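Here are my notes on the model you sent over. I've kept them as numbered points so you can reply to each in turn.

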Amino acid sequence: MKDAINPVTLCQELVRIQSVNPGGCEDKCAHFLGNLLLEGGFDVTYHEFAPGRTSVVARKGGSHDSPRLCFAGHIDTVPLGFTDWSVYPFGGEIVGDKLYGRGATDMKSGIASFVAAAMNLGDELLADPGVLLIMAAGEETGCEGSLPLGQELAKAVRVGAMIIAEPTYNRPKIGHRGAFWLRMTTKGKTAHGSMPELGVNALYKAARATQKLEDFGFNVAPHPHLGGNSLSVGNLHAGQNVNSVPDHAVMEVDIRTIPGVRHDRLLEGFVAYLEGDIEEIEPFVDLDGVWTDPHHPWIERIYALCAARDGERPTIAALPFFTDGSALQPAFGGPPTVILGPGETHMAHQTDEYCVVDNLPIAVSLYKALWRDYLMYYKEGIIEG
């Protein structure tokens with residue numbers, strides 16, 4: 001197949017397909033990509049974890065037992081926010097050297113680049129060990145799509161190495177922190193607002209717990225490249241009307257954890273620390289961090305390819321936020337994983353989100369080179385077929 005797929009044009013088309021989450025509308029984007037890949041000779045399947053919440057998976061080459069190279073990412077985006085955009089957020093407009101729109105950097109530029117690379121490689125992908133493309137729904141709200149999808153795919157395919165195309169300025173990152181999101185509930189007794197002494201104010205209890213959380217110490221040694229754990233109280237809701245003492249309050253807490261931290265033990269620590277103020281603590285996102293040894297032979301090969309391109313060896317680095325790697329890496333048995341994509345890390349979730357246009361064809365060239373190098377890596381017997 002000739003190099004006919006333009007990643008910039010494809011990214012524009014993807015940005016114009018709204019797939020905001022929450023909202024539940026990834027199916028149109030999934031089927032657009034699926035139809036494109038079908039035309040390229042890929043085996044395409046769709047996986048719906050809820051109505052309209054559709055992921056798409058494409059395979060080419062390889063066999064049931066061959067350790068495929070997996071490219072993965074998500075097709076959902078965050079909402080627009082309340083600040084006005086200077087451009088239409090679903091227009092895919094190019095201004096100067098930037099392509100604007102919700103999802104342009106996080107991460108439809110990455111999806112467009114690896115799909116274009118795979119399409120443009122054509123029949124090269126028919127060689128063992130083959131390739132696996134995963135375009136998941138529901139990542140932004142806790143990998144809702146990739147968690148069941150990874151478990152399902154692992155029954156049918158092997159993955160020898162994985163590239164997550166999240167925004168990294170086309171520079172490799174070899175890990176990221178996990179996410180442990182907790183919903184904490186306080187209970188009280190309602191009463192008339194003019195007689196608060198007759199009630200128990202659940203909001204006051206939540207406020208005391210919030211203050212205590214600001215001083216919570218994780219007591220873990222920092223990771224050399226990820227630092228320590230972090231905690232942020234993201235929201236607090238209480239009461240139904242101003243002239244009643246609230247008898248119920250809920251706050252949600254965003255905890256980011258370094259690899260190796262056990263979330264079950266962390267939960268036990270919060271229960272003990274907040275005893276007397278919080279009646280219930282319930283995890284609603286539970287994703288471990290991702291880390292690959294920088295001296296793993298496949299990671300060393302990626303560093304070498306990037307060094308040849310840039311003239312210097314990449315520094316060992318990681319990301320603070322989670323990716324679909326949290327769900328997919330353990331599902332596939334822990335293959336070496338790199339996060340590497342053309343988007344702008346600092347523009348994720350921002351108003352007037354953009355990606356730099358020239359970074360998309362660079363990513364396509366890099367992904368093609370990574371496939372060809374992986375093929376040699378496989379033939380050298382470093383990965384068992």
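1. Start with E139, which sits in the loop that connects β6 and α4. Bear in mind that this is a predicted model. The residue is buried but makes no salt bridge; R256 carries the nearest side chain of opposite charge, and that is 8.1 Å away. A salt bridge needs a side-chain nitrogen of Lys or Arg within 4 Å of a carboxyl oxygen, so R256 doesn't qualify.

2. What does E139 touch instead, once neighbours within four places in sequence are left aside? The contacts are N21, H74, D76, E166, F322, T323 and D324. Note that D76, E166 and D324 are in that list, and Asp and Glu count as negative here.

3. E140 belongs to that loop too, between β6 (131-136) and α4 (146-154). It is another buried residue without a salt bridge. For E140 the nearest side chain of opposite charge is R102, at 8.0 Å.

4. Leaving out neighbours within four places in sequence, E140 is in contact with N21, H74, D76, T77, V78, D106, W181, F322 and H349. N21, H74, D76 and F322 turn up in the E140 list and in the E139 list. If you're setting up protonation states, that's the background for both glutamates: buried, with no salt bridge for E139 or for E140.

5. Now the sheet. Four strands make an open, antiparallel sheet, ordered β10-β11-β9-β12. Its edges are β10 (230-238) and β12 (280-287), each of which pairs on one side only. From one strand to the next, the twist averages 15°.

6. Strand β9 (residues 178-187) is joined to β12 by 7 bridges, with the two running antiparallel. To check the register by eye, look for A179, which stands opposite L287 in β12.

7. Which helix lies across this sheet's strands β9, β10 and β11? That's α5 (residues 202-214), and it runs at about 15° to β11 (248-257).

8. Finally, the whole chain. There are 9 helices and 15 strands, and 55% of the 385 residues count as buried. Along the principal axes, the C-alpha atoms fill a box of roughly 75 × 45 × 40 Å. The radius of gyration is 23 Å, which agrees with the value near 21 Å for a compact globule of 385 residues. Among contacts with a separation of 6 or more, 81% come from residues 24 or more positions apart.

Note on methods
Residues numbered from 1 in each chain as written. Predicted model: local features only at pLDDT ≥ 70, side-chain atom pairs only at ≥ 80, totals over all residues. Heavy atoms only, no water. Buried < 20%, exposed > 50% of the residue type's maximum accessible area, 1.4 Å probe, protein only. Contact = heavy atoms within 4.5 Å. Pairing = 2+ DSSP bridges. Axes fitted to C-alpha atoms, helices over the stretch in contact; angles between N-to-C directions. Rg over C-alpha atoms; globule rule 2.2 N^0.38 Å.
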